[in-house]
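Please walk through this two-chain model with me. The report below covers overall build, domains, contacts and a few local features.

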Amino acid sequence: MTTTQERIQLIAEACSHDQVQQWTGAITADDLHAWISSELGSDMALETFLAHGPLQSKAIAPACILHIVSGNTAHAAFQSIIRGLLIGSHNVVKIPSAGLAELTDALKHFPDALKELIEIHSTLEQQDWSRADVIIAIGSDESIAAIHQHTKPHQIFIPHSHKVSIGLVYDDFEAAAIHAASDASLYNQRGCLSLHAIYVAGDSERFADLLAIEMEKFSQSNPADSLTVSEAGAIRNLRESTRFRLSNDPKVILLESGDSLDWTVIHEASATLQLSCLNRCVYVKPLPSELNTAILGPESEHLSTIAIHPFNQANAVSLEHLPAHRMCPLGQSQQPSLFWHHDGFAPLASLVKWKDIG
Amino acid sequence: MAQAINGKPISDAEFNSLAMQVFTHQYRQNKPYQHFCNSIGTSPEQVTHWHNIPALPTDAFKAEAFPLSTFPIADARKTFLTSGTTTETKGIHYFASTDLYDQSIINAWHELKLPEPTHALFLIPHPDQSPHSSLSHMMGVIAQHIAQRSSWATDESGSLEPKKIIDATNDHQPVTLFGTALSFLHLFDSIESPLQLAPGSWAMETGGYKGTRHQLTKGELYQLFKTKLGLPSDCIVNEYSMTELSSQFYSSGLNQPHKGPSWTRIRVIDPVTNTDAKPGELGHLVLYDLANLHSVMAIRTQDLATQDQTNLEVSAPCFNLIGRDPTALPRGCSRSSDETLSR
């Protein structure tokens, strides 16, 4: 049994390793102290009873958390595991049957005291389901629904299903294009925080041109992973379908990385949010005078993050009515703060229960 | 063109000549397609081989504002719609007449030597109940022109009625069951004990499971045919086609290539290089169908396949179908039927 203080030091140590930090970002002990204090009221909340109104209360971590992670990227898996480790739970991690080498390789650099709190499984036995106090599921809507059927009423279920993110650009196109290229290209667009479409106030066609230039630059400095036949086919299909539309509709613009499939930018007038086929394919659209779910269409229900440029409080608050749980500066969509409410959940507070005295 | 779709072998040279005529016709009469060809710098004057006829992705049929038709769509006597959810945009295939379409079904059946059903039993909605389903239409053609006797195992809403199938098997006469893979799964779920089909019975299944909760391999599905209906895999035919086409491709049993009629050709394209995949290597299927006279004869699919290496000398197309690309959006007639059956 480790104390909160000990776990903070161990996690900070793990996250200082390059191979871990590429997935977790830089996390210091001070960050972790502040994070626990922010979510649980005190960094001692898991250690002792503390004043809570007229009561004395203590946070109780679940003995066992089952994390069912997807193969899209390792980021969400790391975030989920770090949360479980920080509160001191035992963590059973179900990885895709094809494996998740980024996760398993990086976990080798964790201190032994943390490794003891982690089990990696590619298949789950009944006992893995039944011993979990909390089940965190990351995956497609179909996977989440199937996992939910396994949960019992006493188990806390935290779903992270299909999500999509968008960008909004109001001004300063040159800088915005650099940030947008990064947000749409990092991790080959496979995460929930990757931008699928960028809505632009003003000359959106000019922005599409600038974005294409920056996508090419990003691609030169950060070459994309090699594509599977399926992924390559999806890009070809998107490009040819778009080519058909643009040949009949001059408002559609296709900008592409020549014969290679490195990146694709599509400008179109429709404000309806469409899913990209991923792997650095992004839509640019004129920003409608009013942005709401009716205009964005059914995919807006899956909004995760809206990345804004230039970012300010007023711009962000003006989008509060949309289903997204996060508004952030463009260029930072893929680097959420440790403190972010992942899909609206308080990541630590939603895991614990409380004991009261008084 | 009707003379070419007569079930007799067509040499490569003949096919090429006909394909050039069809391409020229479609380029001239189908303006959205002409614009596409122009945008990639291709016109009939520049094309000498069917390989180089520009292929359109199936998604192009979803662009309602730019109908892919060589005739005014106001004159369409028939429209087939792709399946999909209510929120999904559907592709539209217009027909001034289904004469050529029907001829393609009938003559391919004979050319590919598919057995003649003595009693065809359809597990999918009747064409009157599903007038925009190309699959239901095909079943109607089989009922009218190929099968000796036919009946439909669906009710007025198009939902499966297993009792009709059970009753039909009690006649102890051979039956041929036609349905989507999903409709067969519904049948298997609904019968308590295995049915005993009379010797000479066989089944034709089509479609996949994308977008549904079902994820069976072909081998698993065919095992269910064996246990639930007593049909070995060599008594099961898979039909592969799509709303955007006018011809069908068939395979019999497991691990057998799909074959098409002589008025079709295929290419397997490596999407990374956008050139022909090497023999045996995985790629996306591009289909060339002379019977698609009034829309576009060259269709780029999102279905994965390999060129069949054992039949390279054969003019008619032959490919090993791997299945729908997992990255493609849910679609397929099997799914549409599943939604009906689930009502």
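What follows takes the chains in turn, then individual residues and helices.

This is a predicted model, in which local features need pLDDT of at least 70, side-chain atom pairs count only at pLDDT 80 or more, and totals for chains, interfaces and linings use all residues. Residues are numbered from 1 along each chain as its sequence is written, while chains are lettered from A and ligands numbered from 1 in the order in which they are written.

**Chain A overall**

Chain A has 13 helices and 15 strands. Helices (H or I, at least four residues) and strands (E, at least two) are DSSP runs, numbered from the N terminus. The radius of gyration of chain A is 22 Å, close to the 21 Å that the globule rule gives for 358 residues, so chain A is as compact as a globular protein of that length. That radius is taken over C-alpha atoms, and the globule rule is 2.2 Å times the number of residues to the power 0.38. The C-alpha trace of chain A spans about 70 × 45 × 40 Å along its principal axes.

Of the 358 residues of chain A, 43% count as buried. A residue is buried if 20 or more other C-beta atoms lie within 10 Å of its own, exposed if 12 or fewer, and partly exposed in between, with C-beta atoms placed from the backbone. Take the contacts in chain A between residues at least 6 apart in sequence: 69% join residues at least 24 apart. Two residues are in contact if their C-beta atoms, placed from the backbone, lie within 7 Å.

**Domains of chain A**

Chain A is divided into domain 1 (4–162 + 343–357) and domain 2 (164–329). These bounds come from an automatic or database domain assignment. The C-alpha centres of domain 1 and domain 2 of chain A lie 31 Å apart. Six residues from domain 1 of chain A and six residues from domain 2 of chain A make the contact. On the domain 1 side, the residues divide into no nonpolar, five polar and one charged. Here Ala, Val, Leu, Ile, Met, Phe, Trp, Tyr, Cys and Pro count as nonpolar, Asp, Glu, Lys and Arg as charged, and the others, Gly among them, as polar.

**Local features of chain A**

Most residues other than glycine have a negative phi, and most peptide bonds are trans. Two non-glycine residues with a positive phi are tabulated here.

| Residue | Phi | Loop in chain A | Burial |
|---|---|---|---|
| Asp172(A) | about 55 degrees | between strand S8 (164–169) and helix H9 (173–185) | exposed, 12 other C-beta atoms within 10 Å |
| Leu278(A) | about 75 degrees | between strand S11 (264–267) and strand S12 (281–286) | buried, 21 other C-beta atoms within 10 Å |

A cis peptide bond joins His309(A) and Pro310(A), with omega about -10 degrees. Pro310(A) sits in the loop between strand S13 (303–309) and helix H13 (313–317) of chain A.

Ala208(A) belongs to helix H10 (residues 204–221) of chain A. It counts as buried, with 23 C-beta neighbours inside 10 Å. Leaving aside neighbours within four places in sequence, Ala208(A) is in contact with Ile253(A), Leu255(A), Val265(A), His267(A) and Val284(A). Ala208(A) and Leu46(A) are 162 residues apart in sequence and 50 Å apart in space, C-alpha to C-alpha.

**Chain B and its helices**

Chain B holds eight helices and 15 strands. Buried residues make up 50% of its 343 residues. Among chain B contacts between residues at least 6 apart in sequence, 68% join residues at least 24 apart.

Helix H1 (residues 12–29) of chain B has 18 residues and should span 26 Å at 1.5 Å a residue; its end C-alpha atoms are 25 Å apart, which agrees. The expected span is 1.5 Å times one less than the number of residues. Which residues of H1(B) are buried? They are Phe15(B), Ala19(B), Val22(B), Phe23(B), Gln26(B) and Tyr27(B). These cover an arc of only 130 degrees around the axis, which puts them on the same side of H1(B). The arc is that of the directions from the helix axis to the C-beta atoms. An α-helix has 3.6 residues a turn, so residues three or four places apart point the same way. The cover over the buried residues of H1(B) includes helix H2 (31–39), strand S11 (264–270) and strand S13 (283–289) of chain B.

Helix H4 (residues 134–146) of chain B has 13 residues and an expected span of 18 Å; its end C-alpha atoms are 17 Å apart, which agrees. Its buried residues include Leu135(B), Met138(B), Met139(B) and Ile142(B).

**Between the chains**

The contact takes 20 residues from chain A and 25 residues from chain B. The chain A side has nine nonpolar, six polar and five charged residues.
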